[in-house]
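Here are some short exercises to help you find your way around a new structure. Try each task yourself before you read the solution.

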Amino acid sequence: MVDSFHSPCINLILKGKICSFRNSWIKIYGDNKKECIIFSTDSLAYIKSQGNYACFYIYNNKKLEEQVLRNTLGNITNDLKQYPNFIRCHKSYIVNIQKIKIINSTKLMLEDGTWLNLSRTYKPILKEILHKE
C-alpha cells in the first residue's frame, strides 16, 4: 500500500517526457501494515530485494542511508506504478531513473558510483523510457 503526499507541483507525463516529482512524498507500508517508510521521490536512489525484505537506499543530507522494510519487491513495484521515475531493472532491484549515470550490457551505474545489476528482461524497457526523456 502506498500513500502520496504532493506539493503544488503536478505529476504529469507530457509528450513522452517524464516530469520531475519535486517535493512529492511517498509512504510505503510493510506487509504487516504497521511499519512504513516515507521518502521524497528525489531522495530514493534504489531499492534492493533481500528475500521478504526490501532495503531502501535513500539520500539524507547527501549521504546514502539504508532503511529496511518487510515487503516484497513485487508489492513495492505495484505500489510505485504511478511514479514513472521508478523502474524495475533486475529481479532484485528497483531504480530511480533520475539517478542513473551509465548503462552497459549487464549493469548500470548511479550518480554516486554504485553499480546495480541490469537484466536482459528489463534492459529494453529501461532504454525505451530513457530515450523518451
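**Exercise 1.** Work out how strand 11 and strand 12 pair, and which strand comes next to strand 12.

Solution. Start with strand 11 (residues 100-103) and strand 12 (residues 107-110) in this predicted model. They're antiparallel, with three bridges between them. To check one residue pair, look at Ile100: across from it in strand 12 sits its bridge partner, Leu110. The two strands make a hairpin, with three residues between them.

Now move on to strand 13 (residues 115-117), which is joined to strand 12 by three bridges, again running antiparallel. Here Met109 faces Trp115 of strand 13. This is a hairpin too, with four residues between the strands. In its turn, Gly113 shows a positive phi of about 95 degrees.

**Exercise 2.** Find the strand order in the open five-stranded sheet, then say which strands stand at its edges.

Solution. Reading across the sheet, you get 8-7-6-10-9, with antiparallel pairing. The edges belong to strand 8 (63-70) and strand 9 (86-90). Each of these has a single partner strand, so one of its sides has no neighbour in the sheet. On average, neighbouring strands here are turned by 25 degrees against each other, ignoring direction.

For a look inside the sheet, take strand 6 (residues 44-50) and strand 7 (residues 53-60). Six bridges hold this antiparallel pair, and Ile47 sits opposite Phe56 of strand 7.

**Exercise 3.** Decide how the rings of Tyr46 and Tyr57 are arranged, and whether these residues are buried or exposed.

Solution. The structure has four aromatic pairs. For Tyr46 and Tyr57, the ring centres are 4.4 Å apart and the planes make an angle of 15 degrees. Planes under 30 degrees apart count as stacked, so this pair is stacked. Next, place the residues: Tyr46 is in strand 6 and Tyr57 in strand 7, so the pair ties together parts eleven residues apart in sequence.

Then check accessibility. Buried means under 20%. Tyr46 comes in at 8%, so it's buried, and Tyr57 at 13% is buried as well. Tyr46 and Tyr57 also belong to one aromatic cluster with Tyr93.

**Exercise 4.** Do the same for Tyr83 and Phe86.

Solution. Their centres are 6.5 Å apart, with 70 degrees between the planes. Over 60 degrees counts as edge-to-face, and that's what this pair is. Tyr83 has 1% relative accessibility, so it counts as buried. Phe86, at 9%, is buried too.

**Exercise 5.** Say what stands out about phi in Lys33 and Lys62, and where each lysine is found.

Solution. Begin with the background: most residues other than glycine have a negative phi. Lys33 has a positive phi near 65 degrees, and its place is the loop between strand 4 (25-29) and strand 5 (36-40). Lys62 also has a positive phi, about 65 degrees. You'll find Lys62 in the loop between strand 7 and strand 8. With 83% relative accessibility, Lys62 counts as exposed.

**Exercise 6.** Find out where pLDDT stays under 50.

Solution. Take the whole chain to begin with: its average pLDDT is 84, and 82% of the residues score at least 70. The stretch you're after is residues 3-21, where pLDDT stays under 50. The model has 45 contacts for this stretch beyond four places in sequence. Still, where pLDDT is low, the predicted coordinates shouldn't be read in detail.

How values were computed:
Residues numbered from 1 in each chain as written. Predicted model: local features only at pLDDT ≥ 70, side-chain atom pairs only at ≥ 80, totals over all residues. Heavy atoms only, no water. pLDDT = per-residue confidence, 0-100. Contact = heavy atoms within 4.5 Å. Pairing = 2+ DSSP bridges. Axes fitted to C-alpha atoms, helices over the stretch in contact; angles between N-to-C directions. Buried < 20%, exposed > 50% of the residue type's maximum accessible area, 1.4 Å probe, protein only. Phe/Tyr/Trp six-rings, centres within 6.5 Å; stacked < 30°, edge-to-face > 60°.
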